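Here is a protein model to look through, with questions about what its labels rest on. Each answer sets a value beside the rule that gives the label.

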Amino acid sequence: MLEDSSSSQCKLGILYSYDDLKIRDIKKAIFYLSLSAKQYNSMANHYLGCIYYEGLGVKQDVEKAIHYFKEASSFNSFLSKNNLGVIYKTGNYVKQNIGGAIEYFKEAIRENDDGVARYNLANLYLYDENDIHGIDNVFQLLIQADIAKMEGIIILALAVIKRYSISSLKVNWSIILNDFTKIDGKRGEGWLNNVIKIIKKRKLYLPELYEKYYFYFK
């Protein structure tokens with residue numbers, strides 16, 4: 001069965017956008033991606049957003065990038081939803097909008113249970129100094145994630161130290177284990193084992209090292 005023209009145009013556009021000097025042609029990439037985007041292809045819109053946000057062979061245009069990401073988002077592109085969340089979370093080139101960032105991350109999670117969006121939202125909650133949403137949201141988001149990258153483990157470790165006011169290794173880990181397993185039994189136990197290893201290995205219980213990592217990941 002032949003694929004529709006928008007899919008073919010999108011694939012051609014993506015091919016021409018590859019980081020390969022032999023085939024890269026950003027003008028052709030934008031041409032084909034634009035043809036596909038006009039036919040409501042969410043992936044084409046997403047790639048156009050990436051090209052303009054990164055200034056890939058063109059002048060960086062964040063407003064245009066946001067336009068394309070929103071177009072893709074309207075067709076349930078969890079990738080674009082996550083990108084929009086990052087843009088509004090950081091406030092780079094646009095007015096910061098934490099509420100908007102939270103909603104886009106949540107939508108990405110609902111759409112595809114996106115692990116990256118879970119990490120980004122957990123990171124946002126960790127640094128909510130007013131504790132509006134509660135640091136327990138960090139635990140909920142990461143413990144139930146399907147991926148356990150090092151960045152996620154460190155963010156969870158920082159959240160544990162912040163939540164339980166840990167300043168030494170004299171900790172009643174069973175209390176924390178109980179809280180983690182309430183969220184997700186075996187996953188909770190696995191995450192906590194990794195967290196304990198990180199806290200001990202990197203000595204995150206020491207205030208000066210905790211602050212170093214805390215501000216590095218902010």
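Q: What makes the pairing of aspartate 113 with arginine 118 a salt bridge?
A: In this predicted model, the closest N and O atoms of aspartate 113 and arginine 118 are 2.7 Å apart. The label asks for a side-chain nitrogen of Lys or Arg within 4 Å of a carboxyl oxygen of Asp or Glu, so a distance of 2.7 Å between this aspartate and this arginine meets it.

Q: Why is arginine 118 called buried?
A: Buried means under 20% relative accessible area, and arginine 118 has a relative accessibility of 10%, so it counts as buried. Its partner aspartate 113, at 33%, falls between the limits of 20% and 50% and therefore counts as partly exposed.

Q: How do you know that aspartate 136 and arginine 163 meet in a salt bridge, and what does the pair tie together?
A: Their side chains come to 3.0 Å, N to O, and because the limit is 4 Å, this pair qualifies as a salt bridge. Aspartate 136 lies in helix α8 (residues 136-143) and arginine 163 in helix α9 (residues 150-164), so the salt bridge ties together parts that are 27 residues apart in sequence. Aspartate 136 is partly exposed at 41% relative accessibility, and arginine 163 is partly exposed at 37%.

Q: Why does the pair of arginine 187 and aspartate 184 count as a salt bridge?
A: The closest N and O atoms of arginine 187 and aspartate 184 are 3.8 Å apart, which is within 4 Å, and therefore the pair is counted. A search of the whole structure finds four salt bridges.

Q: What makes asparagine 41 buried or exposed?
A: Asparagine 41 has a relative accessible area of 12%, and because this is under 20%, the residue is called buried. Asparagine 41 is found in the loop between α2 (26-37) and α3 (42-54), and, leaving aside its neighbours within four places in sequence, it is in contact with Ser6, Ser7, Cys10 and Ser36. A polar atom of the side chain of asparagine 41 also lies 3.0 Å from the backbone nitrogen of alanine 44.

Q: Why can leucine 12 be called partly exposed?
A: Leucine 12, whose place is in helix α1 (residues 5-17), has a relative accessible area of 32%, and since partly exposed covers values between 20% and 50%, the label applies. Together with Leu15, Tyr18 and Ile23, Leu12 forms a nonpolar patch on the surface, with about 320 Å² of accessible area together.

Key: Residues numbered from 1 in each chain as written. Predicted model: local features only at pLDDT ≥ 70, side-chain atom pairs only at ≥ 80, totals over all residues. Heavy atoms only, no water. Patch = residues over 30% accessible without salt bridge, like charges linked within 9 Å, V, L, I, M, F, W, Y side chains within 5 Å. Areas by Shrake-Rupley, 256 points an atom, 1.4 Å probe, with all protein chains shown as cover. Helix = DSSP H or I, 4+ residues; strand = E, 2+ residues; numbered from the N terminus. Buried < 20%, exposed > 50% of the residue type's maximum accessible area, 1.4 Å probe, protein only. Polar contact = N/O pair within 3.5 Å; in protein donor to acceptor, adjacent residues only side chain to side chain. Contact = heavy atoms within 4.5 Å.
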